[in-house]
Structures are given as structure tokens and as C-alpha cells.
Amino acid sequence: MGNLERFKIDLKSLTDRETAFQFSLDNAYFETLGSTDVKGGDINADLAVRKTAGVYELHFHIQGSAVVACDVCLDDMMQPIETQGTIVARLGDTYDDSGEQIVVPAEEGILDVSWLLYEQVILAIPTRHVHAEGLCNPEMLERIGQMSVSADDEPSSDPRWSELEKLRSIIKE
């Protein structure tokens, strides 16, 4: 398991200028978080924190590739992602991330951005992720083809339904 200490930012130590952070989100990062959606990756996350009047604006720029399962063949694939986002934090009494701002306990002043970065990555992954044409696992595609029912195939007639249909017509008479 990896260590997430490097993702903790001491907000109280920041000056009124913009402070830049760079993070590398690799396989160990996703394993440490226990991610089931993203199996790994090679992602660079740039974070600029601007402190103004007791409010901290966190500007994210995330770019790279995440390892996800192909929706068709279930093999791992590299999904390119790029996203930007802004999150606002402030110091307060107790931790709260339920509103529009994240409130960090003032006595502590530490904001762990490991999960915030993960959420940004997850939101940047398209809903449907499929290998490029011809890159899906051919063995799996063959099995899917064997199991699929064609729209042209007529469902087999179940004799029980025909007997029930006879009974229905007798009742109507």
C-alpha cells in the first residue's frame, strides 16, 4: 500500500500568493485508495491554490491516461482523460464537505486532496469506454457473438402459451 501523506496540504502555512503543487497519480495511488473503477494510471495533476480573504481556491488541471475495463470485452484499456476544475475551501470549526465549500477544521488546517483528485479523475472518464476498432479481445467478441440473440431470430413457440390462448378464446365465447 502506498502513502497518501504527500496529498495533505497545510492551508494555514500558505501565503496570499498562488501556491502550485504537482502530483503523479500512478498505479500505487489508485491501489492505495482501493479504487474499483480505475485500476491504475499515468496521470499528472497540477493544483494551484490561491488564498484570498480566508478562502482557498483550488484549481485543478488533470491530464493523462487511466486504466479502466472495456465495456465490451472487459479487458483493461487506457482511457485518455483531461479535465479542469475548481473547489473552494475555508477554515472552520469542523470538517464538512456537504456544501459548496469544503470546511477544514481551523485548529488542524490540513486538507487531504487525495480523494478530491480521485473524484476529478472519475468525473473525467467517459460513461462508455470501449477499445478502438479492432483492439477488443477477439476471443471475448467471439463468445459474445455466440451468446447474442439476433433480432431476426424468432422466439420459439411455447406450447403452454398456445393452450392458454385456447382457454382464453373459450372463456370469451
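## A tour from helix α4 to the core

Start by selecting Glu163 and Lys166, whose side chains form a salt bridge with an N to O distance of 3.4 Å. (A salt bridge here is a side-chain nitrogen of Lys or Arg within 4 Å of a carboxyl oxygen of Asp or Glu.) Before you go on: this is a predicted model, where local features need pLDDT of at least 70 and side-chain atom pairs count only at pLDDT 80 or more, while totals for chains, interfaces and linings use all residues. Residues are numbered from 1 along each chain as its sequence is written, and side-chain values use heavy atoms, with hydrogens and water left out.

Both Glu163 and Lys166 sit in helix α4 (residues 159-172), three residues apart, about one turn of the helix. Helices (H or I, at least four residues) and strands (E, at least two) are DSSP runs, numbered from the N terminus. Colour the pair by accessibility and you'll find Glu163 partly exposed at 46% and Lys166 partly exposed at 48%. The cut-offs are under 20% relative accessible area for buried, over 50% for exposed, and partly exposed in between (1.4 Å probe, protein chains only).

**Next stop: salt bridges across the chain**

The structure has seven salt bridges. Select Arg50 and Glu18, which pair at 2.7 Å, N to O. This one links distant parts of the chain: Arg50 is in strand β3 (residues 40-52) and Glu18 in strand β2 (residues 18-25), 32 residues apart. Arg50 is partly exposed at 33%, and so is Glu18 at 44%.

Now jump to Asp76 and Lys39, a salt bridge of 2.8 Å, N to O. Here Asp76 belongs to strand β5 (residues 76-92), while Lys39 is in the loop between α1 (27-33) and β3, 37 residues away. Asp76 has a relative accessible area of 44%, partly exposed; Lys39, at 44%, counts as partly exposed too.

**The cysteines**

How many disulfides are there? Zero, going by the rule that a disulfide is a pair of cysteine sulfur atoms within 2.5 Å. Show Cys70 and you'll see that the nearest cysteine sulfur, that of Cys136, is 3.7 Å away. That is too far for a bond, which is why Cys136 is not paired with Cys70. Cys70 is buried at 0% relative accessibility, and Cys136 is buried at 12%.

**Along β5 to Gly85**

Stay with strand β5 and pick Gly85. Is Gly85 buried or exposed? Buried, with a relative accessible area of 18%. Switch on contacts (heavy atoms within 4.5 Å): leaving out residues up to four places away in sequence, Gly85 touches Leu58, His59, Phe60 and Gln120. For a longer distance label, try Gly85 to Leu117, which are 32 residues apart in sequence and 9.9 Å apart in space, C-alpha to C-alpha.

**Into the core**

Finish with the largest nonpolar core, which holds 37 residues. Such a core is a set of buried Ala, Val, Leu, Ile, Met, Phe, Trp, Tyr and Cys residues joined through side-chain atoms within 4.5 Å. Select Leu25, Tyr29, Leu58, Leu111, Val113 and Leu117, the residues with the most contacts inside this core. Elements giving two or more residues to the core include β2, α1, β3, β5, β6 (101-105) and α2 (114-124). Which element gives the most to this core? That is β4, with six residues.

Last click: Val113. Leaving aside neighbours within four places in sequence, Val113 contacts Phe7, Ile9, Phe23, Leu47 and Leu58.
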